[in-house]
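Notebook open, new chain on the screen. I'll jot down what I look up as I go, surface to start with and side-chain pairs after that.

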Amino acid sequence: VAAAALLTLAPSCGYYHMGSMMPDIGVESIAIAEIKNETKEPLLSAIARNQIAAAFQTDNSLKLKSREKADCILYCRIVSINTTSIRYDTNEYNTDSYRPSEFRVTVTAEFQVVIPGRSKPMIPMRTISGTANYEYNADPQSGRVAGLRQACYDLARLMVQYTTEAW
C-alpha cells in the first residue's frame with residue numbers, strides 16, 4: 001500500500017519540467033530582439049515576434065524579459081516565405097476549370113541566441129522552417145493571415161525546442 005501511494009506521488013513523465021532547465025549556466029530568461037523581415041510580406045515580423053513570445057510563454061522554461069534584463073537574447077531574420085496551392089475545387093458554373101481552395105505556406109528564418117558579453121553564441125545561427133495549411137475562403141487575406149500565424153507558431157516552437165533542449 002505504501003509503494004502504491006509513492007507511485008501516485010511520482011511524476012508520470014520524466015520529460016516534463018517546470019522552470020529553467022539551464023540554471024547551472026545562469027540562463028533563466030530570454031529577450032526577443034527585433035525580428036528582421038527580408039520578405040515582401042507585410043506584418044510578418046510582428047506576427048513572428050508575437051508567436052515566438054507565445055511559444056516561450058507556453059513552454060515556460062525561460063521567462064520573457066526586456067533586452068536589458070534578460071540572460072540571453074534571441075535574434076531572428078525571416079529569409080523567405082513560400083506559398084503553394086495544394087488543393088483545387090471546380091467552379092460551380094464550369095466543371096472544366098479549377099481554382100485553388102487550400103494553400104500551404106512555409107516561413108523560413110535564421111536565428112541565434114546570444115548571452116550578452118560572451119563572444120560565442122549560446123545557440124549558433126540555425127536555419128529553420130515553419131509550415132501551415134490554410135483554406136481559401138470568402139476573405140482570402142484573413143485565411144492567409146491565419147496561415148501565417150500558424151506557420152510562425154510552428155517556427156517558434158522549433159526555436160523554443162532548440163533553445164531549451166540544446167543542453
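**Surface and burial.** I looked up the exposed area: the chain exposes about 10300 Å², and carbon and sulfur atoms supply 51% of that. Accessible areas here come from the Shrake-Rupley method with a 1.4 Å probe, and for residues only the protein chains shown count as cover. Of the 167 residues in the chain, 36% count as buried (buried is under 20% relative accessible area, exposed is over 50%, partly exposed is in between, with a 1.4 Å probe and protein chains only).

**Ground rules.** Note to self: this is a predicted model, so local features need pLDDT of at least 70 and side-chain atom pairs count only at pLDDT 80 or more, while totals for chains, interfaces and linings use all residues. Residues are numbered from 1 along each chain as its sequence is written, and side-chain values use heavy atoms, with hydrogens and water left out.

**Confidence.** I checked pLDDT next, the predictor's confidence in each residue from 0 to 100. The chain averages 85, and 77% of the residues score at least 70. Residues 5–10 are below 50, and beyond near neighbours in sequence that stretch has zero contacts in the model (a contact is heavy atoms within 4.5 Å). Residues 12–21 are also below 50, but I find 10 contacts there beyond near neighbours in sequence.

**Fold.** I get three helices and six strands, taken as DSSP runs numbered from the N terminus (helices are H or I with at least four residues, strands are E with at least two). Along the sequence the pattern reads α-β-β-α-β-β-β-β-α. Among contacts with a separation of 6 or more, 69% are between residues 24 or more positions apart.

**Salt bridges.** How many salt bridges does a search of the whole structure find? I get four, with the cut-off being a side-chain nitrogen of Lys or Arg within 4 Å of a carboxyl oxygen of Asp or Glu.

Glu38 and Arg77 meet in one of them, at 2.6 Å, N to O. That pair links distant parts of the chain: Glu38 is in the loop between β2 (36–37) and α2 (44–59), Arg77 is in strand β4 (residues 72–90), and they are 39 residues apart.

Arg77 also meets Glu110, at 2.3 Å, N to O. Here strand β5 supplies Glu110 and strand β4 supplies Arg77, 33 residues apart. I therefore note Glu38, Arg77 and Glu110 as linked in a network of salt bridges. On exposure, Glu38 is partly exposed at 47% relative accessible area, and Arg77 is partly exposed too, at 27%.

Asp154 and Arg157 make another bridge, at 2.9 Å, N to O. Both lie in helix α3 (residues 140–164), three residues apart, about one turn of the helix. Arg157 is partly exposed at 46% relative accessibility.

**Rings.** I looked for aromatic pairs and the structure holds one. Phe103 and Tyr134 are stacked, 5.5 Å centre to centre with 20° between the planes. Phe103 lies in strand β5 (residues 98–114) and Tyr134 in strand β6 (residues 123–135), so the pair ties together parts 31 residues apart in sequence. Cut-offs: rings of Phe, Tyr and Trp (its six-membered ring) pair if their centres lie within 6.5 Å, and planes under 30 degrees apart are stacked, over 60 edge-to-face, the rest tilted. Buried or exposed, Phe103 and Tyr134? Phe103 is buried, and so is Tyr134.

Last look: Arg126 lies over the face of Tyr162, 4.0 Å from the ring centre (the test is NZ of Lys or CZ of Arg within 6 Å of the ring centre and within 35 degrees of the ring normal).
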